[in-house]
Amino acid sequence: MTCLNWLHWQRVCLALAISCWWSQAFESCSLGSGACNEHEVENLEDRQVTDLEVTLLQTSPSRLLEVRKVQPPKDTKDNATLKEEFVWSQVTNAVHIDNIKEMIDTGDVKESLVAELRQLEKECPDAEEIKNQIGDLWTDVQESVQADAIQEKMEVQLKMIENVKEKLQQDAEASAVRLKGLQKDYEVATKDFSKDQLKRLFDIVQIREEMSSVKQAMEAENLGALDMQNSQDKYQKDEEKWMELTKDMNDRQLQQVFKAVTIHKTLDAVEHTLTKEHQEELLKSQTMSAHTQYDKLNEEYSRFTANLNPKSVEKECTKILDKAMKDLPGLQEREDAYLREKR
């Protein structure tokens, strides 16, 4: 890039950046405690432009375009909710750590378990102290964590059911489009037939199929004399019916008969798939397993929560660990980092 081009590029990007800054400044003025002072805006503009000029001289063109990038929205939950989420995630990890250690102590030393334990201990290094702080509430905490796990499995089953519903809806919409196309194809295929001829189309195809079947039987080498005679008589009668049914049709119409009937059969089949009864049966058959699993999980969840309110346990844990934060500086630091990330 030549020097002149580079200077031109700087000016363009500077203009874009100032435009972005002005929109942000205006928004701040509009949403702030009052109208912006004109002198303050001018000072801000001068300072912002100076900073941008320095930045432009040190930054590549591709990097400059990042000025216009929009930051992703932050979590809109309040501080109390975010704290509860963080604390409960740490408590849940502490329970998992405790469970895995018990499994390992009983001799179930699997490589995957050890790897999971190490990862959890990185995420929750204060697990043992968290358990000590919770004290007598630990049993309720363990059951609440189990209840949460069951609830997550229930949500998975519900999601599967919703996915099936969405898929069936999409298939139904596609079938409806296909149905319209088949109806047009049938109209085209039958445009040269009279109403009386249309009534005979399926009979014509049926007779032709019977004739073909009888002919194949007659050509079989193991057919006895009596069976051969019966087949010949049957073929002759079918042929007479064929002549009667097609007597007022030309060759072009006869070719269209089979095409029209094939289209109509397909049309009927597609139309059937769109009936309410068929759709309900499909939904029932494809979600039966998920419904059964969900019902079992729901019963299990009800047993866990019969004398236990997981949300109350969660709030109680938050209170306990909030008071213990001064004794758990690592936990406090991780909570602060979590809140900064979510804000």
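A residue counts as buried when its relative accessible area is under 20%, as exposed when that area is over 50%, and as partly exposed in between. By this rule Asp196, at 44% relative accessibility, is partly exposed, whereas its salt-bridge partner Arg200 is buried, because its relative accessible area is 12%. The structure shown above is a predicted model, and the points below go through its pocket, its cavity, its nonpolar cores and its salt bridges.

**The largest pocket**

- The largest pocket has a volume of about 350 Å³, and its lining is made up of 13 residues, among which Trp88, Asp148, Ala149, Gln151 and Glu152 lie nearest the centre of the pocket.
- Three elements, helix H4 (79-105), helix H7 (138-189) and helix H12 (310-323), each give two or more residues to the lining of this pocket, and H7 gives the most, with six residues.
- Sorted by class, the lining of the largest pocket holds five nonpolar, three polar and five charged residues.

**The cavity**

- The structure holds one cavity of 30 Å³ or more, and the volume of the largest cavity is about 50 Å³.
- The residues that line the largest cavity are Ala94, Ile97, Asp98, Lys101, Ala127, Glu128, Lys131 and Trp138.
- H4 and helix H6 (127-134) are the elements that each give two or more residues to this lining, with H4 giving the most, namely four residues.
- By class, four residues in the lining of the largest cavity are nonpolar and four are charged, while no polar residue is found there.

**The nonpolar cores**

- In soluble globular proteins, nonpolar side chains tend to be buried together.
- The largest nonpolar core in this model has 30 residues, of which Trp88, Val91, Ile130, Ile134, Val141 and Cys317 touch the most other members.
- The elements that give two or more residues to this core are H4, helix H5 (111-123), H6, H7, H12 and helix H13 (329-342), and among these H4 gives the most, with nine residues.
- Once the neighbours within four places in sequence are left aside, Ile130 is in contact with Gln90, Val91, Ala94, Cys124 and Leu321.
- Apart from the largest core lies another core, of 20 residues, which includes Tyr186, Ile207, Leu245 and Leu267.

**A closer look at Val87**

- Val87 has its place in helix H4, and it counts as buried because its relative accessibility is 2%.
- If residues up to four places away in sequence are not counted, Val87 touches Cys317, Thr318, Leu321 and Glu335.
- Although Val87 and Lys319 are 232 residues apart in sequence, the distance between them in space is 9.6 Å, taken from C-alpha to C-alpha.

**The salt bridges**

- Side chains of opposite charge can pair when their charged atoms come close, and a search of the whole structure finds 13 salt bridges.
- Asp98 and Lys131 form one such salt bridge, in which the closest N and O atoms are 3.1 Å apart; this pair links distant parts of the chain, since Asp98 is in helix H4 and Lys131 is in helix H6, 33 residues apart.
- Asp98 counts as buried because its relative accessibility is 11%, whereas Lys131, at 26% relative accessibility, counts as partly exposed, and both residues also appear in the lining of the largest cavity.
- Asp171 forms a salt bridge with Lys167, and here the closest N and O atoms are 3.0 Å apart; the two residues both lie in helix H7, four residues apart, which is about one turn of the helix.
- Asp171, with a relative accessible area of 35%, is partly exposed, and Lys167, with a relative accessible area of 44%, is partly exposed too.
- Asp196 forms a salt bridge with Arg200, the closest N and O atoms being 2.6 Å apart, and because these residues are four residues apart in helix H8 (residues 195-218), they are separated by about one helical turn.
- This pair also belongs to a network of salt bridges, which links Asp196, Arg200 and Asp248.

Conventions. Residues numbered from 1 in each chain as written. Predicted model: local features only at pLDDT ≥ 70, side-chain atom pairs only at ≥ 80, totals over all residues. Heavy atoms only, no water. 1 Å grid on protein atoms, 1.4 Å probe; cavity = no way out; pocket = protein on both sides within 12 Å on 5 of 7 lines; lining within 4 Å. Points joined across faces, edges and corners; volume = space filled by probe spheres on them. Nonpolar A, V, L, I, M, F, W, Y, C, P; charged D, E, K, R; others polar. Core = buried A, V, L, I, M, F, W, Y, C linked by side-chain atoms within 4.5 Å. Buried < 20%, exposed > 50% of the residue type's maximum accessible area, 1.4 Å probe, protein only. Contact = heavy atoms within 4.5 Å. Salt bridge = Lys/Arg side-chain N within 4 Å of Asp/Glu carboxyl O.
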